[in-house]
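Here are my notes on this model, written as numbered points. Keep the structure open beside you and find each residue as you read.

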Amino acid sequence: MQTQTLSLDLIDVYGGTQARVKTNDDAIESYAEEMANGAVFPPISVYYDGATYWLADGFHRYLAAKRIQLPSILAEIQPGGRSDALKHALGANATNGVYRNNADKRNAVEIALEEWTDRANTVIADICKVSPELVRMRRSELTKAGKIVRPEKVTGRDGKEYPAQMEHEPRGKEEARSSDGAEGGGGGGGRPQGKGEGPGGFGGSNMELEREARQMIRRGEINPFELKTLTTANAHDYAATVINLLVTMKPADPQRREGLLRIKRWVEKALAGEVDLSAGNG
């Protein structure tokens with residue numbers, strides 16, 4: 001990355017890298033006045049792919065410079081194209097500058113979901129610096145509106161693919177709070193650290209997706225044989241899954257008692273260490 005003075009005419013601001021719903025004219029006017037009085041602002045951020053300088057962060061500063069007819073502006077230039085600039089823009093101003101409002105956060109999520117539909121909710125949340133609950137809610141809304149198509153699989157932070165069914169599990173009160181204006185963890189819009197993050201953790205994407213998968217398997221919403229593919233699945237997950245499956249057995253089935261006794265015999269043998277687990281049945 002290098003910092004240099006860049007001509008305003010060289011910067012592309014019409015490439016779809018603006019993540020806000022609209023710019024704040026009061027902020028532009030204030031910046032312009034300060035610039036005219038000699039104030040020095042932090043450099044804007046652009047990405048250069050060898051042909052185009054894509055504006056990623058600093059739209060208000062750029063427009064303020066334009067308003068007072070400055071020929072150039074200080075810019076941090078990083079190598080990359082439109083996609084890199086967009087990723088940067090979608091999370092810009094989460095903690096500084098002209099803070100994003102809730103509409104800006106929702107707009108950023110919508111843009112990200114349309115650009116990278118096959119990315120997990122936690123990945124989109126990372127890009128936009130909002131909560132996964134907001135991403136989940138917006139994905140559901142956009143899917144119902146026909147703006148995006150839900151993929152069969154999504155890619156998590158760890159680069160692995162997961163069944164997309166895990167991505168639309170409602171979060172109850174947490175999601176309700178998100179829709180009432182607490183997107184992204186409040187005014188700053190930052191994403192809360194996941195339980196699986198930090199030293200020794202699986203990482204938010206992997207942990208969250210697997211946790212949701214286990215819950216959905218327990219409820220019979222995903223094939224129970226998916227449990228063996230989850231590294232975090234434990235004995236209680238298997239037990240709950242089996243029990244929830246058994247309660248669906250028809251009470252009037254004449255072989256119900258015989259079937260339950262067969263399960264009982266298998267469990268007793270397993271507890272005694274007498275089950276050949278490679279056999280696959282009782």
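1. **A buried acid.** Start with Asp104. Its relative accessibility is 4%. The cut-off for buried is under 20%, so Asp104 counts as buried. Bear in mind that this is a predicted model.

2. **The partner of Asp104.** Which side chain meets Asp104 in a salt bridge? The side chain of Arg20 does, at 3.4 Å from N to O. Asp104 belongs to helix α4 (residues 102-115), while Arg20 sits in the loop between β2 and α1 (25-36). The two are 84 residues apart in sequence, so their pairing ties together distant stretches of the chain. Arg20 is also buried, at 11% relative accessibility. Side chains of opposite charge can pair when their charged atoms come close.

3. **Other salt bridges.** Searching the whole structure gives 11 salt bridges. One of them joins Asp57 and Arg61, with the closest N and O atoms 3.7 Å apart. Is Asp57 buried or exposed? Asp57 is buried, because its relative accessible area is 13%. Arg61 counts as buried too, at 14% relative accessibility.

4. **A charged network.** Lys147 and Glu110 form another salt bridge, and their closest N and O atoms are 3.4 Å apart. Lys147 lies in the loop between α6 (132-144) and β6 (153-155), and Glu110 lies in helix α4, so the pair ties together parts 37 residues apart in sequence. Glu110 is buried, with 16% relative accessibility. The pair does not stand alone: salt bridges with shared partners join Glu110, Arg138, Glu141 and Lys147 into one network.

5. **The five-stranded sheet.** Now turn to the strands. Five of them make an open sheet in the order β1-β5-β3-β4-β2, and the pairing is mixed. Which strands stand at the edges? They are β1 (2-7) and β2 (11-12). Each has a single partner strand, so one side of each has no neighbour in the sheet. Strands of a sheet pair through backbone hydrogen bonds, either parallel or antiparallel.

6. **Strand β3 and its two partners.** Strand β3 (residues 44-48) pairs with β4 (residues 53-57) in the antiparallel sense, over four bridges. With β5 (residues 72-79), the pairing of β3 is parallel and spans five bridges. Val46 shows both partnerships. Its bridge partner in β4 is Leu55, and in β5 Val46 stands opposite Ile77. Why is β3 described as largely enclosed by the rest of the structure? Four of its five residues are buried.

7. **The hairpin.** Follow β3 to Tyr48, which stands opposite Tyr53 in β4. Four residues lie between the strands of this hairpin. Gly50 takes a positive phi there, near 100°.

8. **Thr241 and its surroundings.** Next, look at helix α9 (residues 235-246), which holds Thr241. Thr241 has a relative accessible area of 10%, so it is buried. Its side chain reaches the backbone oxygen of Asp237, at 2.6 Å. Leaving out residues up to four places away in sequence, Thr241 touches Ile217, Arg218, Pro224 and Leu227.

9. **A nonpolar patch.** Not every nonpolar side chain is hidden. Leu260, Ile263, Trp266, Val267 and Leu271 form a nonpolar patch on the surface. Together they have about 430 Å² of accessible area. Take Ile263 as one example. It lies in helix α10 (residues 256-271). Its relative accessibility is 32%, so Ile263 counts as partly exposed.

10. **The whole protein.** Finally, step back. The protein has 10 helices and seven strands. Of its 282 residues, 39% count as buried. Among contacts between residues at least 6 apart in sequence, 68% join residues at least 24 apart. The accessible surface comes to about 15,800 Å², and 51% of that belongs to carbon and sulfur atoms.

Definitions and conventions
Residues numbered from 1 in each chain as written. Predicted model: local features only at pLDDT ≥ 70, side-chain atom pairs only at ≥ 80, totals over all residues. Heavy atoms only, no water. Patch = residues over 30% accessible without salt bridge, like charges linked within 9 Å, V, L, I, M, F, W, Y side chains within 5 Å. Areas by Shrake-Rupley, 256 points an atom, 1.4 Å probe, with all protein chains shown as cover. Salt bridge = Lys/Arg side-chain N within 4 Å of Asp/Glu carboxyl O. Buried < 20%, exposed > 50% of the residue type's maximum accessible area, 1.4 Å probe, protein only. Polar contact = N/O pair within 3.5 Å; in protein donor to acceptor, adjacent residues only side chain to side chain. Contact = heavy atoms within 4.5 Å. Pairing = 2+ DSSP bridges.
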